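Here is a small set of exercises to work through with the model open beside you. Try each task before reading its solution.

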Amino acid sequence: MYRDHAVLRFSLSTPDDRIALSRAARKMNIDVWDSGSNFTDMRVSRRGTGPFLSMLPESLQTAYNVLIDDLASAIAATYPSMSGFESSKADGSAMGETSAHSEATETTRSKKPRSHQPESLFFKNYQPLETINTWLSLLDSMFQGGLVEKFSIGKTAEGRDIPALRVGLGPGESNAGSSTRKTILITGGLHAREWISISTVNYLAWSFITSYGEDELVSKILGDYDIVFIPVVNPDGYEYSWTEDRLWRKTRQETTMPYCPGVDLDHAFGYQWGPAESQSEPCSITYGGEGPFHAVEAAQLAQWAKNEVQNNNVKFVAYFDLHSYSQQILWPYAYSCSARVPNLENMMEVAMNIAKYMRLSSGDVYTVDSACEGAVAAQSGATSDDNMGSKRQVELSGGSALDYFFHDIQARYSYQIKLRDTGTYGFLLPPSHIVPTGQEMFQALKYFGDYLLGNNGHEWIQSTENQHVLG
Ligand SMILES: [Zn+2]
């Protein structure tokens, strides 16, 4: 399908470059992978490259280099090899037993998974939807007694369940006498092709569950907070990315255009929903639907969250929406570069610390910014009103989950985190990154939990020193 495609990175030096590039891309319906402060990555076919370049101003026609030359091979490399998990996914070896010879351990396998085995089979490869579902059910059944509960937040456009895990003890110690369930929500897979976001949410669930009772800080966090993990908000799209098109981004919901199914869930939520040019065209990969919450999955997620708040005494204190790629930690708002959150200082402080602890975990550098600026940041120093105006003109991003959960659900700390990498593989990140990406995010969330507990990260530092996790 992508045999003659490549991914190019254009270097941008002025806001005009960005506008020209973005117009040409829209005209030719080019798949824009990502953009940062001074670059934009795009997938182009060999045949389409010439015509596309000819639409650009001369200065841009040579201002690119090839990020991924052989897209088809890069895609093939993200699927599991046949020898791994696939052959044993139906049995308990999915739970993290490291033996590759599952027959041999059939009778001796212990019911409780041994503690951290990040090298476990499940995280060696990306996993298809069915396997993830089975794995979540196994986690649920293995940890009875209230710590883990699997449930569905609702059905997709194609009728699949959207699975979720609630991990925690319910009303926390600090809430003795009240029944409030302070909850941290973590979602992945709003965009189907961002497989690393899905594996990372699974890795986080696994890490919190298996660290409970063994890691003092994790036990304290789960004593006071529930964490809800929704690894695949867009199961229809994710399934499609396995069976038909590895680079599919949207849902699979029908639109008014017969050959253009799918809504972009990051533009489908009801806060500041508003179609920018590219978001109103059903065939565009950033199509936001016919109106707010037209996308079934966005409506289900919002409905579930509202119901939790109104009927189940849940208070969402934080929301992390995982995406890829470009290693950015972004806070609201996405819809406008001039709207500011009232708790900006706290939001920035936590974002910078999250980036810091991710770097301490792995050495990987994540940048921090508001979601609007992060997507379209102009060259450093370009902050005049003129530039702000042109940025908005190009990259309006209304209807994001990030903005909705911050504003309407009032999750005080809301972040969209774009995971690895910075463009070498982009969406086609090799599976060898699953565990390290999961680990850096886990360390960041432990810091964040400690911050919520009022320790500003101090206890986190102590506990990591004790356990040498930084080594
Ligand atoms: Zn995304």
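**Exercise 1. Find the residue just after α10 that takes a positive phi, and describe the helix before it.**

Solution. Step one: N313, just after α10, has a positive phi of about 60°. This is a predicted model, in which local features need pLDDT of at least 70, side-chain atom pairs count only at pLDDT 80 or more, and totals for chains, interfaces and linings use all residues. Residues are numbered from 1 along each chain as its sequence is written. Helices (H or I, at least four residues) and strands (E, at least two) are DSSP runs, numbered from the N terminus.

Step two: check the length of the helix. α10 has 16 residues and spans 22 Å from first C-alpha to last, close to the 22 Å expected at 1.5 Å a residue; the expected span is 1.5 Å times one less than the number of residues.

Step three: look at the buried side. A residue is buried if 20 or more other C-beta atoms lie within 10 Å of its own, exposed if 12 or fewer, and partly exposed in between, with C-beta atoms placed from the backbone. In α10 the buried residues are V296, E297, A298, Q300, L301, A302, A305 and E308. They pack against β5, β6, β9 and α14, where contact needs C-beta atoms, placed from the backbone, within 7 Å.

**Exercise 2. Work out the strand order of the open sheet of 8 strands, and say which strands stand at its edges.**

Solution. Step one: the order is β5-β6-β8-β7-β9-β12-β10-β11, with mixed pairing; two strands pair if DSSP finds at least two bridges between them. Step two: β5 (148-155) and β11 (367-370) are the edge strands, each with a single partner, so one side of each has no neighbour in the sheet. Step three: on average, neighbouring strands are turned by 20° against each other, direction ignored. Axes here are lines fitted to C-alpha atoms, for helices over the stretch in contact, and angles run from 0 to 180 degrees between N-to-C directions.

Step four: start at β5. This strand pairs with β6 (residues 161-167) in the antiparallel sense over 6 bridges, and K155 stands opposite D161 in β6. Step five: add the helices. α6 (residues 129-142) lies across β5 and β6 at about 140° to β5. α10 (residues 296-311) lies across β5, β6 and β9 (314-324), running at about 130° to β5.

**Exercise 3. Is β12 largely enclosed or not enclosed by the rest of the structure, and which strands pair with it?**

Solution. Step one: 7 of the 7 residues of β12 are buried, so the strand is largely enclosed by the rest of the structure. Step two: sort its side chains. In a regular strand they alternate between the two faces of the sheet. Y413, Y415, I417 and L419 point one way from β12, while S414, Q416 and K418 point the other way.

Step three: turn to the partners. β9 pairs with β12 in the parallel sense over 7 bridges, with F320 the bridge partner of Y415. β10 pairs with β12 in the antiparallel sense over 3 bridges, and I329 stands opposite I417.

**Exercise 4. Locate the cis peptide bonds that join S324 to Y325 and R420 to D421, then compare the settings of Q272 and Q410.**

Solution. Step one: recall the background. Most residues other than glycine have a negative phi, and most peptide bonds are trans. Step two: the bond between S324 and Y325 is cis, with omega about -5°, and Y325 lies in the loop between β9 and β10 (328-331). The bond between R420 and D421 is also cis, with omega about 0°; D421 sits in the loop between β12 (413-419) and α15 (434-452).

Step three: take the two glutamines. Q272 has a positive phi near 55° and lies in the loop between α9 (235-243) and α10. Q272 is buried, with 20 other C-beta atoms within 10 Å. Q410 has a positive phi near 60° and is found in the loop between α14 (401-407) and β12. Q410 counts as partly exposed, with 13 C-beta neighbours inside 10 Å.

Note on methods:
Two residues are in contact if their C-beta atoms, placed from the backbone, lie within 7 Å.
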